[in-house]
Amino acid sequence: MPKDHEGIGAGTKRREDVRFLTGAGNYTDDINVHGQAHVHFLRSDVAHGRLKKVDTAAAEGMPGVIRVFTGADFEGVGGLPCGWCVTDRHGQPMQEPAHPVLAQGKVRHVGDPIAAVVAETAEQARDAAEAIEVEIEDLPAVIDMKAALEEGATKVHDDLTSNLCYDWGFVEENREAVDKAIKEAAHVTTLELKNQRLVANPMEPRVAVGDFNRGTGEHTLYTTSQNPHVIRLLMGAFVLGIPEHKLRVVAPDVGGGFGSKIFHYAEEAFCTFAAKAVNRPVKWTSSRSEAFISDAQGRDHVTKIELALDKDNNFTAIRTETYANMGAYLSTFAPSVPTWLHGTLMAGNYKTPNIYVNVKAVFTNTVPVDAYRGAGRPEATYQLERVIDKAARELGVDPIALRRQNFVTEFPYATPVAVEYDTGDYHGTMDVLEKMADLSGFEARRKESEARGKLRGLGLNCYIEACGIAPSQLVGQLGARAGLYESATVRVNATGGIVVMTGSHSHGQGHETTFPQVIADMIGIDADMIEIEHGDTANTPMGMGTYGSRSIAVGGSAMVRAAEKVINKAKKIAAHLMEASEADVELKDGQFSVAGTDKSVAWGDVTLAAYVPHNYPLDEIEPGLEETAFYDPSNFTYPAGAYACEVEVDPETGKVEIKRFAAADDFGNIINPMIVDGQVHGGIGQGIGQALLENCVYDESGQILSASFMDYAMPRADDVPFYDVDHSSQTPCTHNPLGVKGCGEAGAIGSPPAVVNAVIDALHSGGHKVDHIDMPVSPARVWAAMNA
Amino acid sequence: MYAFDFERPSTLAEAEKALAGEDAQALGGGQTLIPTLKQRLAMPEKLVSLGAIQEIKGVCKGDDGALCVGGGTTHATVAREAAADYPALAALAAHIGDPAVRNRGTIGGSIANNDPAACYPAAVLASGATVVTNKRKIAADDYFKGMFETALDEGEIITEVRFPVPEKASYQKFEQPASRFALVGVFVAKYADGVRVGVTGASEGGVFRWTEAEAALSADFSTGAVEGMARPADGMMSDLHGSAAYRAHLVGVMTRRAVAAAS
Ligand SMILES: Cc1cc2nc3c(=O)[nH]c(=O)nc-3n(C[C@H](O)[C@H](O)[C@H](O)COP(=O)(O)OP(=O)(O)OC[C@H]3O[C@@H](n4cnc5c(N)ncnc54)[C@H](O)[C@@H]3O)c2cc1C
């Protein structure tokens with residue numbers, strides 16, 4: 001049945017791709033509002049300095065210039081807010097610096113906006129920006145996190161007590177027990193590593209268009225966002241003081257986000273503010289170069305992890321110490337990433353009774369860091385799965401056996417780091433992997449590689465992630481300043497077609513295809529009778545947007561709840577039309593029928609009756625067929641998986657080539673297997689990018705050395721192999737109506753440790769006793785490690 | 001970009017005239033110059049496109065047997081049309097950038113720019129080629145003067161590059177992971193009177209000849225002859241993608257691979 005309607009389980013092709021691939025998409029830069037002016041931001045070219053002079057006189061006289069703004073214009077305006085307050089080990093709130101829209105007094109990273117020129121054309125704005133005279137007194141740049149925390153270090157924010165944002169302990173009460181368990185362990189394996197800084201680089205750079213309607217007093221912001229409602233709330237309430245009913249935020253087609261388009265950015269607030277100030281729509285389109293110094297960046301953790309084992313190789317304790325780079329300011333969700341999205345995952349797939357996670361978040365003169373595909377969970381998985389491999393090597397045991405021995409096997413399982421896994425079958429998933437990856441054939445493949453002078457390695461990884469963020473009450477206790485429910489309105493039209501207005505946002509995930517599949521399945525009508533609308537606060541209910549693999553688990557569940565309300569009402573109408581009792585009405589294949597009779601009435605007849613209520617129970621129910629639901633989950637979802645990677649290392653050059661990659665994931669129920677494959681493929685590609693290629697590097701003075709694609713290596717088609725993926729291992733989520741878990745980040749979480757473990761294994765097979773190489777595992781680094 | 005005037009002459013003579021003006025600059029395929037302009041790192045008054053000048057385009061065989069490549073010939077054309085006569089050169093051209101770059105970028109633009117990581121300079125030097133301009137002929141050994149520096153005068157136009165065709169040759173490029181220019185590229189060319197080895201990507205002084213390897217290979221053209229032979233790390237470039245020591249090591253590896261692959 002489902003296949004007929006392209007319902008749940010059908011591998012339907014993505015309907016939005018017709019639009020995207022034929023140039024018919026409507027991206028923010030495609031939006032040009034009549035009369036618009038353009039803004040160019042003058043950005044700091046030094047990492048840290050005191051602004052001595054910003055003289056705009058010459059610029060104001062340049063051709064086409066409408067107005068030049070500086071920090072002074074924003075003195076009475078709020079700064080960019082941080083959406084999450086972390087409480088430190090001692091019960092104190094984090095240090096939270098001001099984040100002005102345009103720099104005031106100081107510049108704190110290369111790219112910090114100093115002034116903004118609004119002109120008739122973008123080129124004129126840029127010309128005039130060059131004519132602004134800026135004098136900056138250079139201050140020492142704070143780049144290295146540990147140096148930033150030393151006594152007497154230069155402060156990024158003069159009004160804070162130090163560069164420490166917070167010193168977080170989790171779970172603080174476990175600290176002593178963990179120390180004791182480590183002291184008493186039969187074996188302790190220690191690993192120090194970096195999870196390097198990354199630049200998200202979605203294909204579409206950020207764009208913002210601000211528009212102000214003088215007649216109605218309404219503001220509109222078109223922006224490249226993953227969550228327009230969140231932007232409306234943050235910018236309206238905290239920055240510009242515009243009530244929601246006077247502010248509309250539209251995020252139309254968005255060309256990828258990977259986290260970097262979750263956050264509220266200065267350019268959005270600026271364009272909204274300036275549109276009113278100059279009484280013209282104001283547009284900003286980021287260049288790729290600008291994106292490297294103004295989009296929030298990802299990761300950047302420096303970690304020491306210790307894994308303690310008893311004499312039988314059971315894990316007894318994990319202790320970690322992490323320095324997490326916040327950059328110069330707190331981006332919207334930055335404080336939550338190294339804490340609640342990272343510490344809570346430190347148990348991984350294993351039953352380790354004692355865990356303590358310490359995180360020191362540090363301000364530096366670098367671009368702010370925030371969530372990036374996986375957000376905290378890749379960092380947790382990477383350190384854990386690397387240290388487990390190292391322990392297996394030290395103990396001379398098989399890395400799979402060591403993992404299996406310590407797997408969580410009984411569910412629900414409450415970890416010592418505050419979360420409760422509802423379902424999972426880690427052995428089952430590993431069984432799928434072992435077969436799919438043909439692990440038993442590895443030794444033969446290794447010999448074949450050796451015959452060609454190459455070192456072959458096999459790397460394993462298991463991951464668990466917490467998705468579907470999240471129960472609002474829980475995250476509220478943890479410091480979130482927002483609720484994290486999701487919403488949907490299901491609007492049935494008179495002739496039976498349906499529009500779903502969702503608070504989720506699709507920027508590559510394929511919601512326009514998968515969401516209709518769910519409704520098609522529930523009603524038994526064709527999926528092409530259902531349309532999805534998202535991205536416009538004017539016509540969608542207040543929703544929290546898309547990140548943390550939450551769309552189907554939370555947004556999809558909200559849609560199911562709204563659809564259930566619709567179906568219940570439709571059954572009442574059908575009962576009336578069939579003169580039957582509501583309790584006897586069934587809905588199947590788009591037909592309402594009465595059990596035990598041949599009475600039936602079609603979906604379209606019922607929807608028509610709802611809007612043409614001639615024969616209708618008006619005294620019992622209202623006409624119309626439209627329902628809204630808000631869904632707040634009772635727990636996170638816990639997708640898990642096991643990955644295997646095989647690499648070949650060229651011992652002469654250190655170059656790593658990925659030969660095979662297999663991913664076995666448990667995402668619970670699957671709505672569209674083809675889209676899930678695609679999400680996993682993309683995630684693995686991104687993870688391979690982190691493992692082998694990508695690296696955002698600052699020099700001591702705070703200049704970014706990898707500020708273009710000439711030096712920042714993005715993964716390309718020939719860097720990745722064909723993947724084997726399998727998601728047949730399914731333990732449905734127990735607490736949402738679809739039994740789904742989310743799949744958007746898994747690949748990016750699960751692949752980096754598998755790749756690095758494989759490289760280390762390859763080097764050992766060649767007699768190189770190398771325990772660790774930091775990512776990206778570039779040819780130069782591999783060669784250096786082999787020849788150390 | 002800053003504003004500039006634009007001319008697109010169809011003869012060399014007109015191009016010379018157009019380039020005589022103050023701050024005029026030749027535009028080849030624009031694969032280096034246009035990004036530079038977009039970043040506002042260059043500010044020519046006038047751009048003179050060489051794209052319509054047929055007399056500096058194409059690949060042919062000279063009377064002396066040399067392969068003559070017009071200065072305005074794209075990488076894609078060289079990849080196609082040099083394949084029969086000088087396969088190593090054609091293979092080099094076929095691996096520059098991506099199809100868009102190869103369909104626009106020209107040999108003249110590449111060697112006028114003389115990026116220290118560019119591919120062509122290694123071939124030009126290793127082939128002992130002659131760079132022909134609208135004014136003179138310059139031997140490869142006199143042409144490259146260091147990173148981004150050449151013997152060209154202001155406004156001088158590369159009209160042709162003449163490559164003596166070797167008995168055997170190969171270019172081996174170890175790609176810088178991001179740009180995919182040469183982290184180290186070695187061009188080995190074996191002629192009746194000796195072997196020449198051109199190395200790009202490695203040195204702070206730009207493309208250079210590895211004379212020790214040339215001597216060893218001229219005596220015995222085999223990988224064994226250069227086994228264990230290494231360049232010192234001093235003077236090698238060091239950056240995000242590789243230390244001086246790594247580059248020095250790769251010069252040896254790529255030279256051996258080029259000898260092994262030479263055909
Ligand atoms: C994505 C990308 C990847 C690339 N990868 C590689 C690579 O792997 N290997 C490699 O070697 N190169 C690479 N390049 C560079 C490419 O080969 C360029 O085409 C070349 O360096 C410049 O040639 P052009 O014709 O585009 O010159 P232009 O950009 O037009 O000009 C460059 C300079 O040469 C001057 N000039 C142009 N033509 C002449 C002439 N006939 N006489 C005198 N002066 C002239 C111009 O005035 C300018 O100063 C890459 C470029 C890009 C964009």
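A salt bridge here is a side-chain nitrogen of Lys or Arg within 4 Å of a carboxyl oxygen of Asp or Glu. With that in hand, let us walk through this predicted model, starting where the two chains meet.

Between chain A and chain B there are eight salt bridges. One to look up in the viewer joins A:Asp719 to B:Arg180, whose closest N and O atoms are 3.2 Å apart. This pair satisfies the rule because the nitrogen and the carboxyl oxygen need only be within 4 Å. Counting polar contacts between the two chains gives 17 residue pairs, both partners at pLDDT 80 or more. On the chain A side, helix H4 (122–130) and helix H20 (779–786) each bring at least two residues to the surface that touches chain B. H4(A) has the largest share of that side, with four residues. Sorted by class, the chain A side holds eleven charged, ten nonpolar and two polar residues.

How many residues of each chain take part in this contact? Chain A puts in 23 residues, and chain B puts in 23 as well. Together the chains bury about 1900 Å², with carbon and sulfur atoms giving 51% of that area. Three residues stand out on the chain A side: A:Glu652, A:Met710 and A:Trp783 supply 28% of the area that chain A buries against chain B, more than any other three residues.

Now turn to chain A by itself. The domain assignment divides chain A into domain 1 (16–25 + 485–631), domain 2 (31–139 + 206–285) and domain 3 (298–470 + 635–786). The centres of domain 1 and domain 2 of chain A, taken over C-alpha atoms, are separated by 39 Å. Each of these two domains of chain A gives 19 residues to the contact between them. The area buried between domain 1 and domain 2 of chain A is about 1400 Å², and carbon and sulfur atoms account for 55% of it. Within domain 1 of chain A, the residues that lose the most area to domain 2 are A:His507, A:Thr537 and A:Met542, which together make up 40% of what that side buries.

The polar side of this domain interface deserves a look too. Twelve residue pairs are in polar contact between domain 1 and domain 2 of chain A, again with both partners at pLDDT 80 or more. The rule finds two salt bridges across the interface of these domains of chain A. A salt bridge to inspect in chain A is the one where the side chains of A:Asp536 and A:Arg248 meet, at 2.7 Å from N to O. By class, the side of domain 1 of chain A that touches domain 2 has eleven polar, six nonpolar and two charged residues.

While you are in chain A, pause at A:Asn227, which sits in the loop between strand E10 (218–223) and helix H7 (228–240). Is A:Asn227 buried or exposed? A:Asn227 is buried, because its relative accessible area is 0% and the cut-off for buried is under 20%. A polar atom of the A:Asn227 side chain lies 2.8 Å from the backbone oxygen of A:Ile262. Setting aside neighbours within four places in sequence, A:Asn227 is in contact with A:Lys261, A:Ile262, A:Met544, A:Gly545 and A:Tyr547.

Chain B brings the tour to its last stop. The assignment for chain B gives domain 1 (5–163) and domain 2 (168–261). Their centres, taken over C-alpha atoms, are 23 Å apart. Domain 1 of chain B offers 23 residues to the contact, and domain 2 of chain B offers 22. Between them the two domains of chain B bury about 1700 Å², 64% of it on carbon and sulfur atoms.

Two salt bridges cross the interface between the domains of chain B. B:Asp141 also forms a salt bridge with B:Arg196, their closest N and O atoms being 3.1 Å apart. Ten residue pairs are in polar contact between domain 1 and domain 2 of chain B, both at pLDDT 80 or more. Helix H4 (87–94) and helix H7 (120–126) of chain B each supply at least two residues to the side of domain 1 that touches domain 2. H7(B) gives the most to that side, with five residues. By class, that side of domain 1 of chain B divides into 16 nonpolar, five polar and two charged residues.

Key:
Residues numbered from 1 in each chain as written. Chains lettered and ligands numbered in written order. Predicted model: local features only at pLDDT ≥ 70, side-chain atom pairs only at ≥ 80, totals over all residues. Heavy atoms only, no water. Contact = heavy atoms within 4.5 Å. Buried area = accessible area lost by both parts, 1.4 Å probe. Polar contact = N/O pair within 3.5 Å; in protein donor to acceptor, adjacent residues only side chain to side chain. Nonpolar A, V, L, I, M, F, W, Y, C, P; charged D, E, K, R; others polar. Buried < 20%, exposed > 50% of the residue type's maximum accessible area, 1.4 Å probe, protein only. Domains from an automatic or database assignment.
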